[in-house]
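Visitor: I've got a chain here that I'd like to walk through with you. Could you pull it up so I can throw some questions at you?

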Amino acid sequence: KRLVSGPARARPFPVEAMAPKVLKRPSASTSTDKTAAAKVKQKILKAPAALFQKGRVDKSVVKKATEMTREQFVKFQEGMDAKWPLPGYMNGEKGHCHFRDETYERITRWTAETRIAYRPHAKAPGSKSHLRYEKYSSAKTVGEALRVGSYPMDWCWDYERGFIKVLGGPMREEPLDVAKEDEGQVTDVDRTIANWYVRELAKMVGVKGSELTTGSGVGESTLERGRRLLAQREACERLEAADREGRRINDEDVLAILKRWPFAKNPYRKNVMQPGKTWVFSDSMGILRDRQGDVHLTACSRRYPQVVELFGRWLKDHLPDDAKGFTWTTINVNCNYAAVTHRDNGNFGPSFIKAFGEFEGGALDYWPDDTGGILEDLPKSKQSFDLTEGLALFNGNCAHGVQPFKGSRYSLVYFTVACHPLVTAEDRKKMALLGFPLPAPDMDPHQLLRPPKGYCLKSRAALTPGKHKLPAFRFYKPSDLPKCKSKPKSDAQVKKIAAGRYKPETQKSFYSSEVRNARKEEKDDFMEV
């Protein structure tokens, strides 16, 4: 599942999960069980502190502190599996020390106030785990659970076995990146989860925790670096698997990487933001013109090149026959925001867009003959595309927006920046390795879609002869897309292809003042020639 950094906002748990329970009069046997359980709990609370700390403890000490008998434990388990089922994504199998992505996704979103309940007496007597569980299972919130001696690894282990239920309270929309939060707002639970998760990411990537800072960019936290390295590694694996099997990069490949990728809070795309919002989750891969006017390959494209390559290869593998001439310099990668009606700023030619994820709603509204003016004056008639059902080719310079949605929605938008002739020769070589089909300097931006006509009769644009025959947009259902399949490759061939791929770069900053000045001088020399 997606593991991304993000806001510290908390969301309430669904009301249905907090519905009142019908109370029943306890039977005599139930009262006896509760009395026995209370005695067990009382003795454990008086046990030596070493039993609740890290490290081995002599079995005799454990045995002396254990009050519950095997018979009592078996009695306590009657009917409990039905009342405390495993999470659905476990598919009936109990977890191991290598936790599922879905588990990380849930635990890293907990807060100190998240309300939880533990399955009573879930661990068998005779072990230190039993004694610890009997102590911390009395906790009613995650904050309490931490204070009485349980930790994120315990929570993952117990959650995958159905020993913990989340009853309510606030949960984060995304894992908290404590490095980007006000220290005074960070709780012990936040800090504990963040530090543990960084260690887990380091193990997944195969490096020491301290090594995650190596190669991280300016403004990129250790948490973001770890998750992006994980996305980069999985992208490499999926590209090689597709080569080996002779298949296309499919939707499943793309969605897996999107869920891995930690999106940046982008404060610059103000034209797409809903009222009151100051940022959106959006990253640009490929070429952009920065705020200083420099045209270059974005930093994330150079640090995590196979993520970019995989997204580009998906479109190449699905490009319709009548759109083979489509080119792009940039991919906007978006997460969980419904863009307001807006116009893109100076795209060259049309854009392809596709949505991924599990969501409802989120269709693309599009005014194909919009030529500018006040957005509020747009006609009510428009085109709407369900981007879960196909691939849309549209003119991003015309008004468009996204309808409200529920769920997790990602989108990839492929387009060409108007400044593409200014891309340096060095960046062109790198983009070729990444699989970008760059346009020629004299390419016609209207070779696939006609220009917009305008909605006002007085302002209707006169179309170039022949252009009127082109459509204003194209929409391709899965059945319209090619079913190309290449020949499976040997391990030696796959290895050779992998060796020729763009290698990740690890400079702290690719565009320092010195680099910018050198690029400017190179550009000036070129202009003089």
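Visitor: Which loop does His420 lie in?
Guide: Keep in mind that this is a predicted model. Coming before the loop is strand S14 (405-415), and helix H14 (425-434) comes after. So the place to look for His420 is the loop between S14 and H14.

Visitor: Is His420 buried or exposed?
Guide: Leaving out residues up to four places away in sequence, His420 touches Thr329, Phe348, Arg428, Pro439, Ala440 and Pro441. Its relative accessibility is 3%, and the cut-off for buried is under 20%, so His420 counts as buried.

Visitor: What about Cys419, is that one buried or exposed?
Guide: Cys419 has a relative accessible area of 9%. Against the under 20% cut-off, that makes Cys419 buried.

Visitor: And Cys300, buried or exposed?
Guide: Take the relative accessibility of Cys300, which is 12%. With buried meaning under 20%, Cys300 counts as buried.

Visitor: How many disulfides does a search of the whole structure find?
Guide: A disulfide is a covalent bond between the sulfur atoms of two cysteines. To count here, a pair of cysteine sulfur atoms has to be within 2.5 Å. Searching the whole structure on that basis, the number found is zero.

Visitor: Does the span of helix H9 agree or disagree with its number of residues?
Guide: Helix H9 covers residues 188-205, which is 18 residues. At 1.5 Å a residue they should span 26 Å, and the end C-alpha atoms are 26 Å apart, so the two values agree.

Visitor: What covers the buried residues of H9?
Guide: The buried residues of H9 include Val189, Ile193, Trp196, Leu201 and Met204. Their cover includes strand S4 (171-172) along with several helices: H5 (101-107), H7 (142-147), H8 (152-160) and H10 (222-245).

Visitor: Which residues touch the most other members of the largest nonpolar core?
Guide: That core has 107 residues. The largest share of it, eight residues, comes from H9. As for touching the most other members, the names are Trp110, Trp155, Phe311, Phe352 and Tyr414.

Visitor: What does Phe311 touch, not counting residues up to four places away in sequence?
Guide: Phe311 is one of the core residues you just asked about. Its contacts, with those sequence neighbours left out, are Val254, Ile257, Leu258, Met285, Ile331, Val333, Leu412 and Tyr414.

Visitor: Are the rings of Phe326 and Trp328 stacked or edge-to-face?
Guide: The structure holds 24 aromatic pairs, so let's look at this one by its geometry. The ring centres of Phe326 and Trp328 are 5.8 Å apart and the planes meet at 25°. Planes under 30 degrees apart count as stacked, so this pair is stacked.

Visitor: Why does the pair of Tyr366 and Phe385 tie together parts that are apart in sequence?
Guide: These rings have their centres 6.2 Å apart with planes at 35°, so the pair is tilted. Tyr366 belongs to strand S10 (residues 364-366), whereas Phe385 belongs to strand S11 (residues 383-385). The pair therefore ties together parts whose separation in sequence is 19 residues.

Visitor: Where does the charged end of Lys354 sit?
Guide: For a charge to sit over a ring, NZ of Lys has to be within 6 Å of the ring centre. Lys354 has its charged end 4.8 Å from a ring centre, and the ring belongs to Phe356.

Notes:
Residues are numbered from 1 along each chain as its sequence is written. This is a predicted model: local features need pLDDT of at least 70, side-chain atom pairs count only at pLDDT 80 or more; totals for chains, interfaces and linings use all residues. Side-chain values use heavy atoms; hydrogens and water are left out. Buried means under 20% relative accessible area, exposed over 50%, partly exposed in between (1.4 Å probe, protein chains only). Helices (H or I, at least four residues) and strands (E, at least two) are DSSP runs, numbered from the N terminus. The expected span of a helix is 1.5 Å times one less than its number of residues. Contact means heavy atoms within 4.5 Å. A nonpolar core is a set of buried Ala, Val, Leu, Ile, Met, Phe, Trp, Tyr and Cys residues joined through side-chain atoms within 4.5 Å. Rings of Phe, Tyr and Trp (its six-membered ring) pair if their centres lie within 6.5 Å; planes under 30 degrees apart count as stacked, over 60 as edge-to-face and the rest as tilted. A charge sits over a ring if NZ of Lys or CZ of Arg is within 6 Å of the ring centre and within 35 degrees of the ring normal.
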